[in-house]
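Me: I'd like to learn how to read this one feature by feature. Can we start with the strands and then move on to the helices?

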Amino acid sequence: MFDKPRPPTASRRLNHTARLAVLAAAVAMGGVAVTVTPTPSSAAACNGYVGLTFDDGPTGSTSALLNVLRNNGVRATMFNVGQNVQNNRSAAQAQVSAGMWVGNHSWNHAHMTSMSQAQMQSDLSQTSNAIQSATGTRPQLFRPPYGETNSTLQSVASSLGMRQVIWDVDSQDWNGASVSQIVSAASRLQNGQIILMHDGIQNTRDAIAQIMANLSSRNLCPGMISPSTGRAVAPDGGGGGNPTTPPPGGGSCTATATTPNVWSDRYNTSVTVSGASNWTVVVGITPPQKVSTTWNGSFSWDSSGNLMTVRSNGSGNTFGFTTMMNGNSSARPQIRSCATG
Ligand SMILES: [Zn+2]
């Protein structure tokens, strides 16, 4: 299905052959041999962050959702219903173990604006208690059911240490939206914005890979929702009030990518890691682009073929790979994470 990494020696030879072919073509076209016109570009950075949110869980299909998110290298915010947490504590724990942030979405999804202040207080604190009991962390984000709120509800949430978060884009997945409609909704997300989706909907899970491809093509990355601003920001390793372990690995390092060589049909990416000599870097590739050649690292792929995990293999702190554009000349790989070990 997807190109698997080849042994390093063969890889280098193939890459070298490819370079020679391009050189030969340049010469044949009457050029000077140096016209491999490298077009340096600062590739692979996250130019902004968006918040992917999944409401109403945990459900019977939370584990399926978490698998899809993990396969696509995504961390998201789950607005859980207290009663569901109480009935499925292990699924709530699994959310946090998978690197998700967990927020409060009321006890049983009632229309809260018709409640008294005391009822609101009781509803939200019971929910936060259930989440804390199941996951060990207390939510710092609250989303009112149906997005219905008023000043009393906001101040009750605030008094319980939670920031109210609504959304900028409604995926309409709750309303029977198709996969392509969900993907199209997500394509409207801008830096800092948040999209409403739900746990327990097949079309939503099926849309994740395409949503990530779209975000990657715009250099947007999935982030956490800041409890102080309510906007999507870079994950801090313990966001949303949940001091979770970041996905795979321990401490963090910095991976910097450049694209030193760009040809008409492919380009090379060089990634330098600082802050660790033993590292794991996760890189997202935007389909239909595919990596054809790799060097100076141990490369593996997830089942989607779009997420590449690179581990140090004793060849130093700079690894590289060649990506075939396959018709998409603008997308560049994204560094999703850098972890030690
Ligand atoms: Zn809801």
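Me: Which residue in S17 does Thr294 stand opposite?

Reply: Look across to S17, and you'll find Phe321 facing Thr294. This is a predicted model, by the way. For the wider setting, S14 and S17 (residues 318-324) are paired antiparallel, with five bridges between them.

Me: What is the order of the strands in the open sheet?

Reply: Go S11-S12-S17-S14, four strands with antiparallel pairing. S11 (254-262) and S14 (290-295) are the edge strands: each has a single partner, so one side of each has no neighbour in the sheet. Going from one strand to the next, the twist averages 25°.

Me: On to helices. How do I describe two that pack together?

Reply: Two packed helices are described by the angle between their axes and the distance between those axes. Take H7 (residues 179-186) and H8 (residues 202-217): the angle is about 40° and the axes are 8 Å apart. That angle makes H7 oblique to H8, and their crossing is right-handed.

Me: Which residues of H7 meet H8?

Reply: From H7 you have Val179, Ile182, Val183 and Ala186. On the H8 side they meet Asn203, Thr204, Asp206, Ala207, Gln210, Ile211 and Asn214. Sorted by character, the residues of this contact are six nonpolar, four polar and one charged.

Me: And at what angle do the axes of H5 and H6 cross?

Reply: Roughly 40°, with the axes of H5 (residues 117-135) and H6 (residues 151-159) coming within 10 Å. Because of that angle, H5 counts as oblique to H6. The crossing here is right-handed. H5 brings Gln117, Met120, Gln121 and Leu124 to the contact, while H6 brings Thr152, Leu153, Val156 and Ala157. The split for H5 with H6 is five nonpolar, three polar and no charged.

Me: Last thing: what does the protein average in pLDDT?

Reply: The average is 83, and 82% of the residues score at least 70. Watch residues 1-43, though, where pLDDT is below 50; that stretch still has 47 contacts in the model beyond near neighbours in sequence. Residues 238-249 are also below 50, with 39 contacts of that kind.

Me: So how should I treat stretches like those?

Reply: Where pLDDT is low, don't read the predicted coordinates in detail. For residues 1-43, then, keep the pLDDT below 50 in mind when you look at those 47 contacts.

Key: Residues numbered from 1 in each chain as written. Predicted model: local features only at pLDDT ≥ 70, side-chain atom pairs only at ≥ 80, totals over all residues. Axes fitted to C-alpha atoms, helices over the stretch in contact; angles between N-to-C directions. Helix = DSSP H or I, 4+ residues; strand = E, 2+ residues; numbered from the N terminus. Parallel < 35°, antiparallel > 145°, perpendicular 65-115°, else oblique. Left-handed = near helix turned anticlockwise from the far one by under 90°. Contact = placed C-beta atoms within 7 Å. Nonpolar A, V, L, I, M, F, W, Y, C, P; charged D, E, K, R; others polar. pLDDT = per-residue confidence, 0-100. Pairing = 2+ DSSP bridges.
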